[in-house]
Amino acid sequence: MRTNPFNPRCLHPASKGGLLAMVLIAWASLGPGAAHADRLAGAALAQQGGPGITACLACHGARGEGQAAAGFPRLAGQPKAYLLKQLQDFSNGKRKNPQMEPIARALSARQKRDAADYYASLPGWKADAKTAASSPQFLLGSRLAIRGNWNKGIPACFACHGPDGAGTPPHFPALAGQPSAYTRAQLKAWQAETRSNDPQGLMKAVADRMTEAEIDATSLYLEHPLLSERRE
Amino acid sequence: MPNRLRNWFENQKHTRTFHPSWILLVVAATLIIAGIVWIPAEWISKAEYEHLPAANAVPAPGKNAAQTGAAPTAVEPLPLPAPTDPKTIRVDFSPPDVDDLPSGAFGETVRLGRNIFNDTQTYARAYVGNGLNCVNCHLDEGRKADSAPLWAAYGMFPAYREKNRRVNSYEDRLTGCFRFSMNGKAPPPGSKELIALMSYSYWLSRGAPVGVELAGRGYPKLAEPQRPPDEARGKKVFEANCAICHGADGQGTQVSGRYAFPPLWGKDSYNAGAGMTQIHNAAAFIRANMPLGQGNKLTEQEAWDVAKYMNSHSRPADPRVTQS
């Protein structure tokens, strides 16, 4: 009986298994491999920059941890979709920032994806030693972060940004471990409408109801939240 | 006739055993005593009713009381159009602050109740059959006005409910939540979960009047929609306002195996016997509370439409139907 090499039913069982294995190997090496390439390109960009592109690490740190004193944000471990959207919004003017706007405009769509992919792959913030802070300001911040203040219509930060503020991918970034100067500047930017790229105006609604003191307290708390406080 | 009465009067006087004027004296004394008791009582009850509309000057008292950290605020009357039947008096009430949680055994039970309420998945796992927590529909730990707060519900029980055609205790009501909204099973009477949730509700409502409707109870009822609620319009509302958190497929958003945003339909959502399956309940909740932090952003029609869309999807069956 003639065998038809294109008909799977005519294949020897062993060659059937072999074919399946080949397909699997090809898929396995292609899938993660492609993602890995993006990440590597992103890493190169982060470390060396490019024409008209400052290396990301110059401001965002060698491990994407940010720079607390200057208020440059932590990028490591943020959701990929969130990071990509920020780069796009710096290009299209929905998010204003003198340093980031020219860089974002210099990045190609592909490079934006690579950079976002790279930083999303880095480990996010982890609580280290417990801070012993219990000042009234710190307590106010923890209260707003964990419970909000519904008398003023302010939901808890963690209601959307995930338990312990670790983020809720794909749209809600991590807040925990973010430099307080950065968080403070963002809340004020929403008030002043220099940042207006929040989905559905969700953050604008919250920021508008916060006082200066509440913004300070919340930003300070989020820089180093006490994670055990979530459940008493 | 007057002569006969006078004769009787004189006759009685002269026998010296009974002076007829005593009758007058006794009647007069009774009237005086009754007057002393009754007239001021009348004044007081009148003053109570007149006092209610007189308190209009206070715009929303107690709203900031949670800030002060003080004990439960006194019940303050809300603006009323006219004196009404005492059963429908709406009073404003603020629950005690969480920093004032009691200590001792009672405090422990209240804390457990609060934990069950906020994280039902962990603390009452055995009685939950879906991915929800109590706090998903009762925002702010069961404290937020217009989001069916516990402090406004507690004092309204026992109450007759059409749902099961009998008088329900507050415990009965809680078990209903577990069977339908949580698609699970009723914690048995006397279980630590029920006792803890009872204690938490009791603590939140301390100082509130019993049997009267408190401002902020339940979800604020909407007027009948101008156009019949429509799934297709609702889908558009959903995509523009809800999908970012609840997902394009309404299945919520999970972080490390737990729902950060709850699923609105499907196997992990409330079952077909839950109150939220009634469009008017869902629309009222959505209008007052969704998107989170943007309550009353949707129009009433949008809330009706999106509620209709949400409840047009399949969900776990009503246990009362499958059992029969």
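# Close-up views of a predicted two-chain model

**View 1. Contact between chain B and chain A.** In this predicted model, 18 residues of chain B meet 16 residues of chain A. On the chain B side, two or more residues each come from α3 (65–68), α4 and β5 (253–255). By class, the chain B side that touches chain A holds six nonpolar, seven polar and five charged residues.

**View 2. Domains 2 and 3 of chain B.** The domain assignment splits chain B into domain 1 (2–57), domain 2 (85–204) and domain 3 (231–323). Between domain 2 and domain 3 of chain B, the C-alpha centres are 21 Å apart. The contact between these two domains joins 13 residues of domain 2 of chain B to 17 residues of domain 3 of chain B. On the domain 2 side, α8(B) gives the largest share, with three residues. That side of domain 2 of chain B consists of four nonpolar, seven polar and two charged residues.

**View 3. The largest nonpolar core.** This core has 62 residues, and the members that touch the most others are B:Tyr200, B:Ala282, B:Ala283, B:Ile286, B:Val306 and B:Ala307. At least two core residues come from each of these elements of chain B: α4 (104–118), α7 (150–153), α8 (170–181), α9 (192–204), α10 (231–241), β6 (258–261), α12 (279–289) and α13 (300–310). The largest share belongs to α12(B), which supplies seven residues. Domain 2 (85–204) and domain 3 (231–323) of chain B each contribute at least three residues to this core. Leaving aside residues up to four places away in sequence, B:Ala282 is in touch with B:Met276, B:Ala307, B:Met310 and B:Asn311.

**View 4. A second core.** Separate from the core of the previous view is a second one of 28 residues, which includes A:Ile146, A:Cys157, A:Phe158 and A:Leu202.

**View 5. The two domains of chain A.** Chain A is assigned domain 1 (33–121) and domain 2 (136–230). Their C-alpha centres are separated by 22 Å. Domain 1 of chain A brings 15 residues to the contact, and domain 2 of chain A brings 16 residues. The side of domain 1 of chain A that touches domain 2 of chain A is made up of six nonpolar, four polar and five charged residues.

**View 6. Packing of α10(B) against α13(B).** The axes of α10(B) and α13(B) are 7 Å apart, and the two helices pack at an angle of about 100°. The pair is therefore roughly perpendicular. From α10(B), the contact uses B:Glu231, B:Arg233, B:Gly234, B:Lys235, B:Val237 and B:Phe238, while α13(B) provides B:Glu302, B:Asp305, B:Val306, B:Lys308 and B:Tyr309. Sorted by class, the residues in the contact of α10(B) with α13(B) are four nonpolar, one polar and six charged.

**View 7. Surroundings of B:Arg315.** B:Arg315 sits in the loop between α13 and α14 (319–323) of chain B. This arginine counts as buried because B:Arg315 has 23 C-beta neighbours inside 10 Å, where the cut-off for a buried residue is 20 or more. Apart from residues up to four places away in sequence, B:Arg315 touches B:Trp265, B:Gly266, B:Ser269, B:Tyr270, B:Asn271 and B:Ala272. B:Gly273 is 42 residues away from B:Arg315 along the chain, and the C-alpha atoms of the two are 9.9 Å apart.

Methods. Residues are numbered from 1 along each chain as its sequence is written. Chains are lettered from A and ligands numbered from 1 in the order in which they are written. This is a predicted model: local features need pLDDT of at least 70, side-chain atom pairs count only at pLDDT 80 or more; totals for chains, interfaces and linings use all residues. A nonpolar core is a set of buried Ala, Val, Leu, Ile, Met, Phe, Trp, Tyr and Cys residues joined through C-beta atoms within 7 Å. A residue is buried if 20 or more other C-beta atoms lie within 10 Å of its own, exposed if 12 or fewer, and partly exposed in between; C-beta atoms are placed from the backbone. Helices (H or I, at least four residues) and strands (E, at least two) are DSSP runs, numbered from the N terminus. Domain bounds come from an automatic or database domain assignment. Two residues are in contact if their C-beta atoms, placed from the backbone, lie within 7 Å. Ala, Val, Leu, Ile, Met, Phe, Trp, Tyr, Cys and Pro count as nonpolar, Asp, Glu, Lys and Arg as charged, and the others, Gly among them, as polar. Axes are lines fitted to C-alpha atoms, for helices over the stretch in contact, and angles run from 0 to 180 degrees between N-to-C directions. Angles under 35 degrees count as roughly parallel, over 145 as roughly antiparallel, 65 to 115 as roughly perpendicular and the rest as oblique.
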